[in-house]
Amino acid sequence: MPFDKASVRDAEVDGKRVLVRVDFNVPLDGQEVTDDTRIRAALPTIEYLTGAGAKVILCSHLGRPKGQVVPELSLAPAARRLSELTGKPVEVASDVGGEDSRAKADQLEPGGILLLENTRYEAGETDNDPDLAGRLAGLADLYVNDAFGAAHRAHASTAGVAGELPAYAGLLLEKEVENLTSVAAEPERPLVVVLGGSKVSDKVGVIDRFLEIADQILIGGAMCFPFFKAQGHSIGNSLCQDDDIPLAEDALRKAAAGNCELVLPTDLTLGREFSADTETEALPGTDVPDGWMGLDIGPESATDYASRIASAGTVLWNGPMGAFELDPFAGGTRTVAEAVAAADGFTVVGGGDSVAALVKFNLTEDVDWVSTGGGASLELLEGKTLPGVDALKDR
Ligand code: ADP
Ligand code: MG
């Protein structure tokens, strides 16, 4: 689907001060960034801008400091990692659009990089406060949003500031929106959607939309159990939120009345408890006995899902098939991940834990698009407009 927002490539950036919202919300261990995927994902835009002679002023949130300065959530470790990746010095301002930001932004040379402190050190960030948006805008001549992972939030640095400056899409954000919207807009058929994870309520919007669009929806993970409960199966101690049962009933009703096949597992792998060294049992059906919990889809289901994925024209996968963090229950997720990686169709994977599973099995390179946005990718897949995208200049 053509992306209808102005791209950073359309902007005149040489010698200009460019404020770039990135998603550097990375996991930290003390002063170390333990996973730099999001920093790497922002490199194309950052390097495009420095290469074009822009003065690059980056901003991002990290964690939830809730309007307070929390030194453990400083972006300084992210700046060091970015400096290693770009081979350029990356200055850090001690505030978010305050005096130090202004002073350091004034000293930037073309091609130079400055990173502001954690935007959520300011309460005005999540309130989308016009004062904070104005201070951020005052640092720059134009604005680029490349923080796809935060684009579903209407915050000062994602939405407010875009109203104050000419606002463009970054290269990552642009690709995320193009790839994720193409799954629903113009899929090669059959379109197979694989949904797992822990809660139906997180993904009910995606289920509803794709019941209208997809050819098959394959359900795995703890998400199965509200469906099984709704069908009258026993679920033992399996994870199941009562609120999810009516949502599952509703989806089953819609599926029965529509053209999309809603597929549930036919076998399960059980454990006594959520632990890697618990007693395990293969269940050749879906009635979980008392004292057991379903922690993975079984091998028969995994093989069936894999063959459906193999014959798909388009595959969208969000949510692991089981408690893949625990080795005895990683089999279903591994089989599905390998099938997605090997599929001939166009493959898109979203969701923090699903992406972590791909990383664990070393398969990220074999998927056509791995989304960096959890909540943002779900909202886009639900068909919602993201405030951080909506606020950008039309093409
Ligand atoms: P994603 O981040 O990919 O959207 P979710 O956050 O929805 O995925 O779900 C991932 C979590 O679901 C994982 O922590 C996994 O352990 C858990 N999970 C999956 N299947 C089960 C299950 N059968 N029982 C308990 N937890 C499960
Ligand atoms: Mg998750």
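Select N318 to begin: this residue lies in strand β15, which spans residues 314–318. The model on screen is a predicted one. Is N318 buried or exposed? With a relative accessible area of 3%, N318 is buried, because buried means under 20% relative accessible area.

Keep N318 selected and add K203. The side chains of these two residues are joined by a polar contact of 2.7 Å. Now display ligand 1 as well. A polar side-chain atom of N318 lies 3.4 Å from an oxygen atom of the ligand.

**Ligand 1 and its surroundings**

Next, select S354. One of its polar side-chain atoms is found 2.5 Å from an oxygen atom of ligand 1. Then select A222, where the atom to look for belongs to the backbone: a backbone N or O atom of A222 is 3.2 Å from a nitrogen atom of ligand 1. How much of the ligand does the protein bury? Taken alone, ligand 1 exposes 580 Å², and the protein buries 87% of that.

Turn on a surface for the protein alone. Ligand 1 sits in the second largest pocket. Two elements give two or more residues to the shell around the ligand, namely β14 (293–297) and α12 (352–360). Colour α12 separately, since attention belongs there next: this helix supplies the largest share of the shell, three residues.

Which residues come nearest to ligand 1? Of the 20 residues around the ligand, the nearest are K203, G294, E325, D353 and S354. K203 is also the residue whose side chain makes the polar contact with N318.

**The cysteines**

Select C260 and then C224. The structure holds zero disulfides. Why does C260 not form one? The closest cysteine sulfur to that of C260 is in C224, 16 Å away, which is too far for a bond, because a disulfide requires two cysteine sulfur atoms within 2.5 Å. C260 counts as buried, at 4% relative accessibility. Move on to C59, which is also buried, with a relative accessible area of 0%.

**A loop residue**

Finally, select E109. This residue is found in the loop between α3 (99–107) and β6 (113–115). E109 counts as exposed at 56% relative accessibility, because exposed means over 50%. Add V56 to the selection and draw a line between the two C-alpha atoms. E109 and V56 are 53 residues apart in sequence, and the C-alpha to C-alpha separation in space is 9.0 Å.

Terms used
Residues are numbered from 1 along each chain as its sequence is written. Chains are lettered from A and ligands numbered from 1 in the order in which they are written. This is a predicted model: local features need pLDDT of at least 70, side-chain atom pairs count only at pLDDT 80 or more; totals for chains, interfaces and linings use all residues. Side-chain values use heavy atoms; hydrogens and water are left out. Buried means under 20% relative accessible area, exposed over 50%, partly exposed in between (1.4 Å probe, protein chains only). A residue is near a molecule or strand if one of its heavy atoms lies within 4 Å of it. A polar contact is a pair of N or O atoms within 3.5 Å; within protein, one must be able to donate a hydrogen and the other to accept it, and residues adjacent in sequence count only if both atoms are side-chain atoms. Accessible areas come from the Shrake-Rupley method with a 1.4 Å probe; for residues, only the protein chains shown count as cover. On a 1 Å grid over the protein atoms alone, a cavity is a set of points where a 1.4 Å probe fits but cannot get out, and a pocket is an open set with protein on both sides within 12 Å along at least five of seven lines; lining residues have an atom within 4 Å of a point. A molecule sits in a cavity or pocket if more than half of its atoms lie within 2 Å of its grid points. Helices (H or I, at least four residues) and strands (E, at least two) are DSSP runs, numbered from the N terminus.
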